[in-house]
Amino acid sequence: MNDILAGFRDPEVARRLVDEIHRIAVEPCTLMEVCGTHTMAIAKHGLRGVMPETIKLLSGPGCPVCVTANPDIDLAIEIARQPGVVLTTFGDMMKVPGSYSSLSTEKSEGRDIRIVYSPLDSLAIAEREPDKHVVFLGVGFETTAPTVALTIREAARRKLPNWSALSLHKTVPGALEALVVDPEVRVTGFILPGHVSTIIGTGPYEFLAREYGVPGVITGFEPVDVLQGVWMLAKQLAEGRAEIEIAYGRGVHAEGNPSAVAAIDASFERCDAEWRGIGVIPGTGLALRPEFAEYDARTRVPVAVPEPREIKGCQCGDVLRGVVLPFDCKLFGRACTPEHPVGPCMVSSEGSCAAYYRYTDYGKE
Amino acid sequence: MCLAIPARIVSEPNEIEMAEVDILGVKRHVSLMMTPDAKLGDHVLVHAGFAIQVVDEEFAAESLEMLNSMGIKHADELAAELDGSDETAGVPAS
């Protein structure tokens with residue numbers, strides 16, 4: 001396995017791909033990735049610097065933490081403030097600012113907030129601490145949603161009386177449509193997320209190619225994977241094709257993972273969801289089905305949420321739509337740095353601003 | 001956040017579909033609920049304590065072979081390919 005991965009990091013193979021990309025990318029195009037891991041891979045390996053002038057690589061709303069809207073973070077914070085509640089979540093969520101606070105700040109002020117590696121770990125906490133009500137804050141796209149869906153099913157199977165889930169999960173394809181129809185956003189092709197696609201396959205993206213003529217290539221995360229994705233997109237554009245293709249066949253099948261999709265559908269139903277910077281996108285949220293109401297933190301831990309407010313001067317919303325680049329924001333690198341982040345795109349380790357700050361010589365772009 | 005890490009299954013799953021995996025030498029228990037076909041010795045992609053897919057190693061080896069051979073072709077051949085041949089030699093899994 002490690003030998004295989006080494007092959008996808010081979011500089012010689014990467015160089016050949018770069019040469020091919022330069023040869024075929026004659027027309028200007030804007031390719032957007034919508035996955036925080038791609039954001040980091042492109043920045044870390046300096047892939048923007050090896051692109052021809054015709055190819056612009058943009059980051060879109062690919063970081064689930066970054067696209068979580070203030071009212072949702074505020075809701076999680078209010079739930080964490082309730083007596084007897086243990087809020088469990090992934091580490092990524094801790095430092096993200098809501099309107100007035102963050103989970104990290106709340107923890108330092110004494111709320112019982114714990115980071116878990118797997119949602120299943122939160123079930124174990126609930127079993128160990130029957131006097132507490134354990135809430136799992138679920139954030140993430142289709143990659144993560146089935147893990148929480150199966151945890152909800154497992155909680156129901158074990159009839160756990162003191163566990164519930166707060167679902168802030170979102171689904172990717174509807175957000176891509178919102179970007180394609182946004183007149184401010186100009187995307188000629190999508191570098192599609194590898195592990196979201198492991199779950200959903202190619203089917204849910206087909207409308208992009210069919211209805212909007214925008215091609216997409218599902219792409220992996222090693223440098224050679226990303227270059228292969230870019231090369232396949234450039235090839236489609238050069239040949240006048242718009243299709244959804246896979247450049248990450250070792251991890252993605254066209255049909256996705258049907259067991260995982262079935263798990264999502266069994267625990268969740270579609271709802272509208274607010275995306276930071278984009279607004280409400282119909283049908284892109286995942287809410288617990290009514291039959292799991294007793295495992296839904298929204299009904300189990302009812303709270304009043306204060307009126308939300310936005311951070312002054314922060315342009316994360318525009319960064320997430322690819323309308324401005326991180327260093328176009330007035331706060332970037334001055335008031336907003338990884339040590340003292342203002343907006344979520346700088347807070348999250350996978351945020352576009354954090355990636356640019358860490359890896360880019362941004363004076364040059 | 002959607003990162004998934006390759007790991008090798010090193011134990012048979014128990015009655016609740018948990019199995020031990022080896023992630024670069026570190027042992028962990030993960031759920032195989034989403035990968036009912038995964039077998040002892042398979043590599044799987046692990047995310048948030050769950051195996052989400054069995055890694056297709058044969059496919060990985062083939063795509064590497066394809067990528068390794070590209071660029072060795074003569075430039076004219078590639079140009080001809082781009083000029084409208086419908087056969088996109090070497091494009092994997094489209």
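Let's start with Val46(B), which is buried, because 23 other C-beta atoms lie within 10 Å and 20 or more is what we ask for to call a residue buried. Please keep in mind throughout that we're looking at a predicted model.

So where does Val46(B) sit? Val46(B) belongs to strand 4 of chain B. What does Val46(B) touch, leaving aside its neighbours within four places in sequence? The contacts are Ala4(B), Ile5(B), Ala7(B), Val21(B), Ile23(B), Val30(B) and Ala51(B). Have a look at Pro6(B) as well: Pro6(B) is 40 residues away from Val46(B) along the chain, yet their C-alpha atoms are separated by 6.2 Å.

Now zoom out to where the two chains meet. Chain B puts 37 residues into the contact, and chain A puts in 50 residues. Which elements of chain B give two or more residues to the side that touches chain A? They are strand 1 (5–9), strand 4 (43–47), strand 5 (50–54), helix 1 (57–69) and helix 2 (75–82) of chain B. Helix 1 of chain B gives the largest share of that side, with eight residues. As for chemistry, the side of chain B that touches chain A has 24 nonpolar residues, ten polar and three charged.

Over to chain A, then. Chain A has 17 helices and eleven strands. Its radius of gyration is 21 Å, close to the 21 Å that the globule rule gives for 365 residues, so chain A is as compact as a globular protein of that length. If you'd like dimensions, the C-alpha trace of chain A spans about 65 × 45 × 40 Å along its principal axes. Of the 365 residues in chain A, 56% are buried. And if you take the contacts in chain A with a separation of 6 or more, 77% of them join residues 24 or more positions apart.

Let me finish with one helix that's fun to rotate on screen: helix 9 of chain A, residues 172–181. Its buried residues are Val172(A), Pro173(A), Ala175(A), Leu176(A) and Leu179(A). Why do they end up on the same side of helix 9 of chain A? Because they cover an arc of only 160° around the axis. The spacing helps us here: an α-helix has 3.6 residues a turn, so residues three or four places apart point the same way.

And what do those buried residues of helix 9 of chain A pack against? Their partners in chain A are strand 7 (189–193), helix 10 (194–200), helix 11 (206–212), strand 10 (268–275) and strand 11 (279–288).

Terms used:
Residues are numbered from 1 along each chain as its sequence is written. Chains are lettered from A and ligands numbered from 1 in the order in which they are written. This is a predicted model: local features need pLDDT of at least 70, side-chain atom pairs count only at pLDDT 80 or more; totals for chains, interfaces and linings use all residues. Two residues are in contact if their C-beta atoms, placed from the backbone, lie within 7 Å. Helices (H or I, at least four residues) and strands (E, at least two) are DSSP runs, numbered from the N terminus. Ala, Val, Leu, Ile, Met, Phe, Trp, Tyr, Cys and Pro count as nonpolar, Asp, Glu, Lys and Arg as charged, and the others, Gly among them, as polar. A residue is buried if 20 or more other C-beta atoms lie within 10 Å of its own, exposed if 12 or fewer, and partly exposed in between; C-beta atoms are placed from the backbone. The arc is that of the directions from the helix axis to the C-beta atoms. The radius of gyration is taken over C-alpha atoms; the globule rule is 2.2 Å times the number of residues to the power 0.38.
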